[in-house]
Amino acid sequence: MKSLDAEQLSERDSYKLLIGSILPRPIALVTTITANGTVNAGPFSYFNIVTANPPLISVSVQRKQGEMKDTARNAVESGEFVVHISDETYVDQMNRTAANLGPEESEIELAGLTAVASSRVAVPGIAEARIRMECVLEQTIPLGEKEGAPACDLLIGRVVYFHVDEELYDNGRIKVEALKPVSRLAGSDYAKLGETFSLERPN
């Protein structure tokens, strides 16, 4: 067993151990809107469920040189964002939204995706995504102070509206095999769903 003191590791070494160990990670493609109306989009694999009642989800947005990224800043300023579940049908376009654009440039346009109006929030969704969740910002938590500034902004979103492709919807459940979700591994690697199995939970 290799044992490593986390406090003695560089940021890069910690990063490689984390993303190579905590996997597969679901990918949220998040849309936000600037004050001038530009729709930004970006993929985030530091993403998960917080609780189902009320329905809360989390997206951790890493800062760049101590500065908020567009997604976090827009979400804080508008109080809204939309989370899309990434799947095989549009994974290449999702990946293109990771391009380093300015705040008034739209990753949706760059990736050739289609903006679609939301039902309860002002932020548009993406038509190609077969599951999307409209969120209002429940809380923003700056975390991991580093050199006088937070390392990330943890966005907690309350889902106020779900959109699910009818092909995936089965009496309140999601047909995961039909969804074909993709997940993030380390480096440039992704994973498909693969083999599944069941285990009964103990009483």
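This report walks through a pocket, a small sheet, a helix and the cysteines of a predicted model.

## The second largest pocket

Let's start with the second largest pocket, which has a volume of about 750 Å³. Its lining is made up of 31 residues. Nearest the centre of this pocket lie Pro26, Phe47, Ile49, Ile85 and Met133. By class, 23 of the lining residues are nonpolar, five are polar and three are charged.

Which elements supply at least two residues each to this lining? They are the strands β1 (25–26), β4 (47–52), β5 (55–62), β9 (131–143), β10 (152–164) and β12 (173–174), together with the helix α5 (176–179). The largest share, five residues, comes from β4.

## A three-stranded open sheet

Strand β1, which helps to line the pocket, also belongs to an open sheet of three strands. The order in this sheet is β1-β13-β14, and the pairing is antiparallel. At the edges are β1 and β14 (190–191), each of which pairs on one side only.

A closer look at the β1 side shows two bridges joining β1 to β13 (residues 183–184) in the antiparallel sense. Here Pro26 stands opposite Ser183 of β13. Pro26 is also among the residues nearest the centre of the second largest pocket, so you can use this proline as a handy landmark when moving between the two views.

## Helix α2 and its neighbours

Helix α2 covers residues 70–78, and its buried residues are Asp70, Thr71, Ala72, Asn74 and Ala75. What do these buried residues pack against? Their partners are the strands β2 (28–33), β3 (39–44), β5, β6 (80–85), β9 and β10. Of these partners, β5, β9 and β10 are also among the elements that supply at least two residues each to the pocket lining.

After α2 comes Gly79, a residue with a positive phi, near 80°.

## The cysteines

How many disulfides does the structure hold? The count is zero. A disulfide is a covalent bond between the sulfur atoms of two cysteines. For Cys135, the closest cysteine sulfur is that of Cys152, and because the two sulfurs are 18 Å apart, they are too far from each other for a bond. Cys152 is likewise in no disulfide, with the sulfur of Cys135 as its nearest cysteine sulfur.

Are these two cysteines buried or exposed? Cys135 is buried, with a relative accessible area of 0%. Cys152 is buried as well, at 11%; this value counts as buried because the cut-off is under 20% relative accessible area.

Methods:
Residues are numbered from 1 along each chain as its sequence is written. This is a predicted model: local features need pLDDT of at least 70, side-chain atom pairs count only at pLDDT 80 or more; totals for chains, interfaces and linings use all residues. Side-chain values use heavy atoms; hydrogens and water are left out. On a 1 Å grid over the protein atoms alone, a cavity is a set of points where a 1.4 Å probe fits but cannot get out, and a pocket is an open set with protein on both sides within 12 Å along at least five of seven lines; lining residues have an atom within 4 Å of a point. Grid points are joined across faces, edges and corners, and a volume is the space filled by probe spheres set on the points. Helices (H or I, at least four residues) and strands (E, at least two) are DSSP runs, numbered from the N terminus. Ala, Val, Leu, Ile, Met, Phe, Trp, Tyr, Cys and Pro count as nonpolar, Asp, Glu, Lys and Arg as charged, and the others, Gly among them, as polar. Two strands pair if DSSP finds at least two bridges between them. Buried means under 20% relative accessible area, exposed over 50%, partly exposed in between (1.4 Å probe, protein chains only). Contact means heavy atoms within 4.5 Å. A disulfide is a pair of cysteine sulfur atoms within 2.5 Å.
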